[in-house]
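Visitor: I should like to go through a structure with you and ask, term by term, on what grounds each label is applied. Please set the values against the definitions as we proceed.

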Amino acid sequence: MRPSSICILLAVAVLLHHHLLPGVEASVEKACRDAANSSPNINYDFCVAELRPYPGSGSADQKSLTVIAVSLTKDKATSTSAKVKNLLASTSDPKTKQCLESCESVYEDLLSDLETSIPAIKEGRLVDAKTYLSAAVDAPGTCEDGFKDLKVPSPLTKEDSDVTQMCTIALAFTNMLG
């Protein structure tokens, strides 16, 4: 067989793999596009920018991308929780301290929900995973509401927004699993 024939056969095999076996791999771009189409609260560019650099995301199936999305959410929430603790240690304003204490509690619950949702996804207990992720989606907003209610500027607006976005993406990905 000539080398050009081998190249043609290889190209055909790759095309058949991607078109006849669409469930085998879920590209980050496709998963993010589907998620953004399912929810007006999902920013496609944010989704791709967060997921694409994650090791293994390029070859992950939909279930693995969902676990990756929850893991990334957990990383962001852990970072935000650490920031809350640092701010609590350095804040003297009583209203800000009260808000941060509330956020600390909210993020503890959020991290627990995210931690519990990962095995639920892996084990196919999607109803459980959706319950935990639905609770997690609301948590950063609860943190922000505390600052608004006490008319105190939030030092966590960006972090809360990013965690909300990642939670929403993770929930949308879970919904796409069934």
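Guide: D113 has its place in helix α5 (residues 94-122); helices here are DSSP runs of H or I of at least four residues, strands are E runs of at least two, and both are numbered from the N terminus. This is a predicted model, in which local features need pLDDT of at least 70, side-chain atom pairs count only at pLDDT 80 or more, and totals for chains, interfaces and linings use all residues. Residues are numbered from 1 along each chain as its sequence is written, and side-chain values use heavy atoms, with hydrogens and water left out.

Visitor: What makes D113 a residue without a salt bridge?

Guide: A salt bridge requires a side-chain nitrogen of Lys or Arg within 4 Å of a carboxyl oxygen of Asp or Glu. For D113, the nearest side chain of opposite charge is R125, 12 Å away, and D113 is nevertheless buried. In the charge count, Lys and Arg are positive and Asp and Glu negative, while His and the chain ends are not counted. Setting aside residues up to four places away in sequence, D113 touches Y132, A135 and A136, a contact being heavy atoms within 4.5 Å.

Visitor: How do you know that C32 and C47 form a disulfide?

Guide: The criterion is a pair of cysteine sulfur atoms within 2.5 Å. The sulfur atoms of C32 and C47 are 2.0 Å apart, and the two residues are therefore joined by a disulfide. The pair links distant parts of the chain, with C32 in helix α2 (residues 28-38) and C47 in helix α3 (residues 44-51), 15 residues apart.

Visitor: Why is the disulfide of C32 and C47 called left-handed?

Guide: The torsion about its S-S bond is about -75 degrees, so the C32 and C47 disulfide is left-handed. For C103 and C143, the torsion is about 95 degrees, so that disulfide is right-handed. C103 lies in helix α5 and C143 in helix α6 (residues 126-149), so this pair ties together parts 40 residues apart in sequence. The sulfur atoms of C103 and C143 are 1.9 Å apart, and the count by this rule comes to 2 disulfides.

Visitor: Why is C143 called buried?

Guide: Buried means under 20% relative accessible area, exposed means over 50%, and partly exposed lies in between (1.4 Å probe, protein chains only). C143 has a relative accessible area of 2%, and is therefore buried. C103, at 0% relative accessibility, also counts as buried. C99 is in no disulfide, since the nearest cysteine sulfur, that of C103, is 6.7 Å away.

Visitor: What makes K151 exposed?

Guide: K151 has a relative accessible area of 75%, and is therefore exposed. K151 is found in the loop between α6 and α7 (157-177). The C-alpha atoms of K151 and K95 are separated by 8.7 Å, although these residues are 56 apart along the chain.

Visitor: How do you know that T91 is buried?

Guide: T91 has 17% relative accessibility, and so counts as buried. T91 lies in the loop between α4 (62-90) and α5. Leaving aside residues up to four places away in sequence, T91 touches T96, K97 and L100.

Visitor: Why is the pair E29 and R52 called a salt bridge?

Guide: The side chains of E29 and R52 meet at 2.6 Å, N to O, and therefore satisfy the salt-bridge rule. E29 lies in helix α2 and R52 in the loop between α3 and α4, so the pair ties together parts 23 residues apart in sequence. E29 has a relative accessible area of 25%, and is therefore partly exposed.

Visitor: What makes K158 and D162 a salt bridge?

Guide: The closest N and O atoms of K158 and D162 are 2.6 Å apart, and the pair therefore qualifies. K158 and D162 both lie in helix α7, 4 residues apart, about one turn of the helix. K158 is exposed, with a relative accessible area of 55%, whereas D162, at 15%, counts as buried. Salt bridges that share partners also join E123, R125 and D128 into one network. The structure holds 9 salt bridges.
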